[in-house]
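Here are a few short exercises on helix packing and cysteines. Grab the structure, try each task, then check your working against the solution.

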Amino acid sequence: MEIEVASGRGDVERGVWRNGGNDGHKGAAYLVWEDLTVVLPNFGNGPTKKLLYGLHGYAEPGRIMAIMGPSGSGKSTLLDSLAGRLSSNVVMTGNILLNGKKQRLNYGTIAYVTQEDVLLGTLTVRETISYSAHLRLPNTLTKDEKKGIIDGTIMEMGLQDCADRLIGSWHLRGISGGERKRLSIALEFLIRPRILFLDEPTSGLDSASAFFVVQALKNVARDGRTVISSIHQPSSEVFALFDDLCLLSGGEIVYFGEAKMAVKFFAEAGFPCPSRRNPSDHFLRCINSDFDVVTATLRGSQRLREADNLADPLGNLATSDIKAMLVYKYNSSEYASRTRSRIQEISTIQGLEIERIKGSQARWWTQLSTLTQRSFANMSRDVGYYWSRIGIYIIVAICVGTLFYDVGTSYTAILARGACGGFVTGFMTFMSIGGFPSFIEEMKVFTRERLNGHYGVAVFVLSNFLSSFPFLAAISVITGTITFYMVKFRTEFSHYVYYCLNIFGCIAVVESCMMIVASLVPNFLMGIIAGAGVLGIMMMTAGFFRLLPDLPKVFWRYPVSLMSYGSWSLQGGYKNDLVGVVFDGLWPGDPKLNGEDVLKNMFGLSLDHSKWWDLFALYCLFLTYRVLFFVILKLKERTTPFFRSLYAKRTIHYLKRRPSFRRKPSFPSRRHYNLHSLSSQEGLSSPIP
């Protein structure tokens, strides 16, 4: 088997007819998978778990395929394998061919709608589609043309009634689950991709909503697109909409072919579907072996024993045996032969090529302005992003102002000024960690859009700062104004400007640090814990809890304190506050103390450079952390495919030497299954005399 690990760039695949031929194939995307196996390695003493067992299949344009099966059957694993989005801890072998050639399907080459609807709840349906359209559609289109595409997509997905309603979030009531699902599909169908993958698009929906969602997918397929969707247990009306069916159980194919022929196959295999039963219910009843033990226990009760003659005939067999018989019947049936023949035909199709264009055809500046507008709208409407923090900052600033009100120039005011400066640049800016959960939600949207090739990393990083700038500036000015003039540090306006700029730099650096944490620890709870630890270390080495000259030179002074925003902001803040100020002595009649002596002797600060150099170093840290955030995102994007490929090769080499890697027999022995409970054996003769 050949190892296939997904990687690629942000392209959108479009089939282009190159060497003439049948125009019916123009723009088509034929997908074939051969001997597809996915394993979850176990490097310990336990057996290696196979998630998929050598699957074969195909998907054609103009048709919608359903991947169906019970929970844990491998539906999502197969879908992720085809889309190139498997988890990093599993290994895939086999071939995936697009138009007869091996293609790397990832980063926008196809459209993928995840089971979780990752959307910004503060936007309306129309705004969400409009922003996505302006991010990806070419600038050669006029505004009216783009508006026509947006309105056409809304109408095609049946979203006219909710077009101007908010999507909804934790504090905003929004659209229904079915409308959210159709919106997710509309976002990916906006640029008309050739292949559309969907992971259980009807999950959590009522039968009516599920029908309209699949009906929308049917319309997408009729436009010449290839649609592949995993689905759990559709209603009979929804099942009738599918053209092809891939029925899985335990990672094996039970049936592959036309959906309408599945009932005939089950009848030929000896398990006919009752006339008034939903076909999908019957299929899953036959192949779901999760409840064999429970069924055997219930069968052993007196009540069910008396009703055995009237019970479902399937109840006389273990589901695992039924499933094994179906797998055996399918592998030797004409349906499997047709599948193999069709795979051979599709694999030999000539003349179809995939033209790779950039995932987004919009100009860089258009993307930047669109993302900035969207992010600003989200921040403005999300109460938890900045507004709640602004309110808390105002309250805390008033508390600081009243606590240190008119601090004066007495000897005790020296330590009071130092404590106030340390609190403002340390603990108050630490509150910026509160916006981490909202940023995590925005990162989820970025990850989804980046995987589908909507825009680049640099645009996202820059637009995030531009959209957050007004809020950061407002927090800095409001906090700085209240504390500076209530504490009465200095009277000069230039000192006030520096004070506000210092607060802005601290908050910006804290937010940049949390962005780095979000890129490495995507879980918001673990991210807050990790971010609090990192910022706590920066605060410890700022020079407030222990003077900078007294820090251990190795590691803590160099380089940790140099990388800490607190050390630079505190040095600059002390110089801005104390240089030029004369303080009273400890006792009446003692000589006056000037601020320069206080900085050198009491705070251990050097006056070799001015406060503006400290501010410059603070903003350099801000820029460094933002660049580091960009580099981490790019490295994860570029290096992940390489490390996955290396991991897959080494894992396969190791697992091939293990007996547990051998294929599990398709027809298991009955001795492995306990078909009868102890209660059912009551009254039987004991073999022991």
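**Exercise 1: a helix pair**

Y574, K575 and L578 in α21 meet G595, V598 and L599 in α22. Keep in mind that you're looking at a predicted model.

Task: work out how α21 and α22 are oriented to each other, and what sort of residues make up their contact.

Solution:
- Start with the classes: the contact of α21 with α22 has 4 nonpolar residues, 1 polar and 1 charged.
- Next, find the helices: α21 covers residues 565–578 and α22 covers residues 595–602. Their axes come within 9 Å and cross at roughly 150°.
- Angles over 145 degrees count as roughly antiparallel, so α21 and α22 are roughly antiparallel to each other.
- Finally, the handedness: α21 and α22 cross in a right-handed way.

**Exercise 2: another helix pair**

Task: do the same for α8 (residues 279–287) and α11 (residues 319–331).

Solution:
- The two axes come within 6 Å, with a crossing angle of roughly 110°.
- The window for roughly perpendicular is 65 to 115 degrees, so that's what α8 and α11 are to each other.
- On the α8 side, R285, C286 and I287 make the contact; α11 brings T319, I322, K323 and L326.
- Sorted by class, that contact has 4 nonpolar, 1 polar and 2 charged residues.

**Exercise 3: cysteines**

Task: say how many disulfides the structure holds, then sort C162 and C620 by exposure.

Solution:
- The disulfide count is 0.
- C162 has a relative accessible area of 1%; buried means under 20%, so C162 is buried.
- C620 comes out at 31% relative accessibility, so C620 counts as partly exposed.

How values were computed
Residues are numbered from 1 along each chain as its sequence is written. This is a predicted model: local features need pLDDT of at least 70, side-chain atom pairs count only at pLDDT 80 or more; totals for chains, interfaces and linings use all residues. Side-chain values use heavy atoms; hydrogens and water are left out. A disulfide is a pair of cysteine sulfur atoms within 2.5 Å. Buried means under 20% relative accessible area, exposed over 50%, partly exposed in between (1.4 Å probe, protein chains only). Axes are lines fitted to C-alpha atoms, for helices over the stretch in contact, and angles run from 0 to 180 degrees between N-to-C directions. Helices (H or I, at least four residues) and strands (E, at least two) are DSSP runs, numbered from the N terminus. Angles under 35 degrees count as roughly parallel, over 145 as roughly antiparallel, 65 to 115 as roughly perpendicular and the rest as oblique. A crossing is left-handed if the near helix is turned anticlockwise from the far one by less than a right angle, and right-handed if clockwise. Contact means heavy atoms within 4.5 Å. Ala, Val, Leu, Ile, Met, Phe, Trp, Tyr, Cys and Pro count as nonpolar, Asp, Glu, Lys and Arg as charged, and the others, Gly among them, as polar.
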